[in-house]
Amino acid sequence: MGMVRNLVAFIAVIAGTVLTMGTATAEQGQPAPWQMTFQQAFSPVAAEQHVFHDMLLWIISAISIFVLVLLVYVILRFNKRANPNPSKTSHNTFIEIIWTVVPIMILIVIMIPSLKLLYYGDRIETPDMTLKAIGYQWYWGYEYMDEEGLAFDAVMLEKDELKPGQPRLLATDNAIVLPIETNIRVLVTAEDVLHSWALPAFGVKMDAVPGRLNETWMRIDKEGMYYGQCSELCGARHGFMPIMIKAVSKEDYAKWLVEAKKEFASGGAPAIKFAQVTSTSAE
């Protein structure tokens, strides 16, 4: 009995751990410890992606359960002991039609919302503003296309540069400031190698390709800080080129523009400050 009680207690602990994984609190727009689900959606595209994901989860769960039940039935019903004289049937036309037609119907059910979401997240017809993101080894540069000369670089803060509350490996020296409730067109390119501009909270992940201008869009629902990272293996410091967006009200954004034009729109190239990769001799 003691062993049974210990086993039950162990299973209860494991179940409690699994059920609470991913529920750890964190600031919005960044990952949480032990997180298993998506970051909370703060844009229409991300919200639609979550709906599509949930639909697929139901479909694949139903398929998995059906296959499991069918497998168990076949094992129990048609094993040597339960069925000593097996059937000589080589094919069944009805069953063959069913297992061909049903998967096709499932794929059609998946295809229609998939294509709708793909086109929905592709581009915006009438953007209110345009942001250009340029990938470098290993930081991001930004240009506000509607504001002449407003451009700056955003470089990851080292550990000793972080301020209280800033997440390690995600905070940058300059934040992208954007207004909420605004249709923002995002142009993405790269100067040297392949990068990828990705922000999970906004449902954005766009490859940055040298010599090519890719386009996507986002509309931020709520004020706050949001974080992303380069999601394309781009070199030795691939894991150290984060994206930091500060979403503010339209009124605060207009005030920021005035100050930003004084700070960044000087006509010269923004100063680049980041830790270079240094080689160390083998011990």
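Student: Why is Phe-152 called buried in this model?

Tutor: In this predicted model, Phe-152 has a relative accessible area of 1%. Buried means under 20%, so Phe-152 counts as buried.

Student: What makes Phe-264 count as buried?

Tutor: The cut-off helps here too: Phe-264 has 14% relative accessibility, and the limit is under 20%, so Phe-264 is buried.

Student: And why is His-53 called partly exposed?

Tutor: His-53, which lies in helix α2 (residues 44-77), has a relative accessible area of 33%. That value falls between the limits of 20% and 50%, so His-53 is partly exposed.

Student: Back to the rings! Why is the pair of Phe-152 and Phe-264 called tilted?

Tutor: Their centres are 4.7 Å apart, and rings pair within 6.5 Å, so these two are a pair. Their planes stand at 35°; stacked needs under 30 degrees and edge-to-face over 60, so the pair is tilted.

Student: Which parts does the pair tie together?

Tutor: Phe-152 lies in strand β3 and Phe-264 in the segment after α4 (250-263), so the pair ties together parts that are 112 residues apart in sequence. Both rings belong to one aromatic cluster, together with Tyr-142, Tyr-144, Tyr-253 and Trp-256.

Student: What makes β3 an edge strand?

Tutor: The sheet runs in the order β3-β2-β1-β5-β8. β3 (151-154) has a single partner strand, so one side of β3 is left without a neighbour in the sheet. With β2 (residues 139-144), β3 pairs in the antiparallel sense over four bridges.

Key
Residues are numbered from 1 along each chain as its sequence is written. This is a predicted model: local features need pLDDT of at least 70, side-chain atom pairs count only at pLDDT 80 or more; totals for chains, interfaces and linings use all residues. Side-chain values use heavy atoms; hydrogens and water are left out. Two strands pair if DSSP finds at least two bridges between them. Helices (H or I, at least four residues) and strands (E, at least two) are DSSP runs, numbered from the N terminus. Buried means under 20% relative accessible area, exposed over 50%, partly exposed in between (1.4 Å probe, protein chains only). Rings of Phe, Tyr and Trp (its six-membered ring) pair if their centres lie within 6.5 Å; planes under 30 degrees apart count as stacked, over 60 as edge-to-face and the rest as tilted.
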